[in-house]
Structure formats: C-alpha cells, structure tokens
Amino acid sequence: MDSARLEQRVRDVMTLITTRGARASDAPEIVRMIAELSRHHDDIAQIEIEDLIFLCFGASPWLHVIVAECDAQIVGYAALQKKVQLQFARRLMDVQHLFVKADMRGLGVGRALISAAQAHATLQRCPGLTLGVVETNLRAQRFYSTLGFEPRETGGAIQLMRAMPLQSTRTAP
C-alpha cells in the first residue's frame, strides 16, 4: 500500500462515527440505502419515504431505526424489530437490516450500529439480538461471528405466509 493510501486509511480510521435514533427527516437517505441494499441482494426495493415514516415514526411504530453518522452525514443504518418467543416469555430484538455505505465499510460503522442495537435491545429488556444472513454471504457471517453472534438451529421450521388484501392504505389497525 502506498503512503498516500495508508495516510487516507489512517485518517478514515480516526474519523468519529456516532449513532443515534433515526428521525423522520432521515427517511429519504434511509430509503436510498434500502434501495442499495436491495440491489445487492438482487431485489427491487418498493418502499417509499411515506412507507418508512409510517413504519418507524407513526402512532404505532413497527421498527426502530438507528443511523450511523460521520461528519454529519448518514453512512449506515440498522433496522430493529421486536420479536418474542412466547413459550419462554423471552423478548428478542431482530436486526432486520444492517447497511453501511461502501466507502465506509471496514471503518467500524457496522460495529457501532450493532453496539447501538445492543444498547437499544437492553433498554427493551431483551436478552439477545437475532439476525438472518444469506447462507452464501460468508463475509457477513464472519463479521457477525466476530461480534459474538452464533448460528442457531431453527428446528427445521419454515415460514408460511397467507397474502391478504389491504382494506385501506390510509389507516393503521
């Protein structure tokens, strides 16, 4: 590595990464990152800014989103969803999405987001975080392993879904 690239890398590592709960005003940037993550997984994001605001900042939020910032710019996000194992009376927090912009990867942003997710889960009295990783995404598996995540047997369960028509897109249940 030449000295200019090494100097840039050292400067990048020294850059302060902060995390905070997302605000409705962050929605446009978060939606852009969701679209980028979707493309990475060969999906097409269908979420609109209004959808994210409803899901995260409405009267009955479904998700809690944490953003990571560097130099006052959002560089990543984690979307968290409450989960329960009722038979064990166990609360869990599921990391639905974790995304870091490409130019910020390897600089501690993902670690900062997981740390903030853990702090949020602790406040919700959750004894653990869960997440899913595509089986072929070995890089992500290694990353999460370094943070203490371990594979768990699912017991061979599969998820079933029954589609239902929406009564109205303007009202929440």
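User: Hi! Which residue takes a positive phi in the hairpin of β2 and β3?
Analyst: That is D71, with a phi near 50°, in a hairpin that has two residues between the strands. Keep in mind that this is a predicted model: local features need pLDDT of at least 70, side-chain atom pairs count only at pLDDT 80 or more, and totals for chains, interfaces and linings use all residues. Residues are numbered from 1 along each chain as its sequence is written, and side-chain values use heavy atoms, leaving out hydrogens and water.

User: Thanks! How many bridges do β2 and β3 pair over?
Analyst: Seven, in the antiparallel sense. One of the pairs is C70 with Q73 of β3. Two strands pair if DSSP finds at least two bridges between them. Strands (E, at least two residues) and helices (H or I, at least four) are DSSP runs, numbered from the N terminus.

User: And how do β3 and β4 run?
Analyst: Antiparallel again: ten bridges join β3 (residues 73–85) to β4 (residues 90–100). L80 has V95 of β4 as its bridge partner, while V84 is matched with R91 of β4. The hairpin of these strands has four residues between them, and A89 takes a positive phi near 50° there.

User: What order do the strands of the sheet come in?
Analyst: The five strands of this open sheet go β1-β2-β3-β4-β5, with mixed pairing. β1 and β5 (129–131) are the edge strands, each pairing on one side only. Ignoring direction, neighbouring strands are turned by 30° against each other on average.

User: Which helix lies across those strands?
Analyst: α4 (residues 109–123) lies across β1, β2, β3, β4 and β5, at about 155° to β4. Axes are lines fitted to C-alpha atoms, for helices over the stretch in contact, and angles run from 0 to 180 degrees between N-to-C directions.

User: Which residues of α4 are buried, and what do they pack against?
Analyst: Among the buried ones (under 20% relative accessible area, 1.4 Å probe, protein chains only; over 50% is exposed, in between is partly exposed) are V109, L113, I114 and H120. The buried residues of α4 pack against all five strands, β1, β2, β3, β4 and β5, and also α5 (138–146). Contact means heavy atoms within 4.5 Å.

User: What comes after α4?
Analyst: R125 follows, with a positive phi near 60°. P127 then sits in the loop between α4 and β5.

User: Is P127 buried or exposed?
Analyst: P127 counts as exposed because its relative accessibility is 63%. Leaving out residues up to four places away in sequence, P127 touches R90 and R91. P127 and R90 are 37 residues apart along the chain, and their C-alpha atoms are separated by 7.7 Å.

User: Switching topic: where is D26?
Analyst: D26 is in the loop between β1 (17–21) and α2 (27–40). With a relative accessible area of 7%, D26 is buried. Beyond residues up to four places away in sequence, D26 touches R20, V67 and I74.

User: Which side chain makes a polar contact with the D26 side chain?
Analyst: The side chain of R20, at 2.7 Å. A polar contact is a pair of N or O atoms within 3.5 Å; within protein, one must be able to donate a hydrogen and the other to accept it, and residues adjacent in sequence count only if both atoms are side-chain atoms.

User: Last one: at what angle do α2 and α3 cross?
Analyst: Roughly 105°, with the axes of α2 and α3 (residues 49–57) coming within 9 Å. The contact includes I30 and I34 of α2 and L52 of α3.
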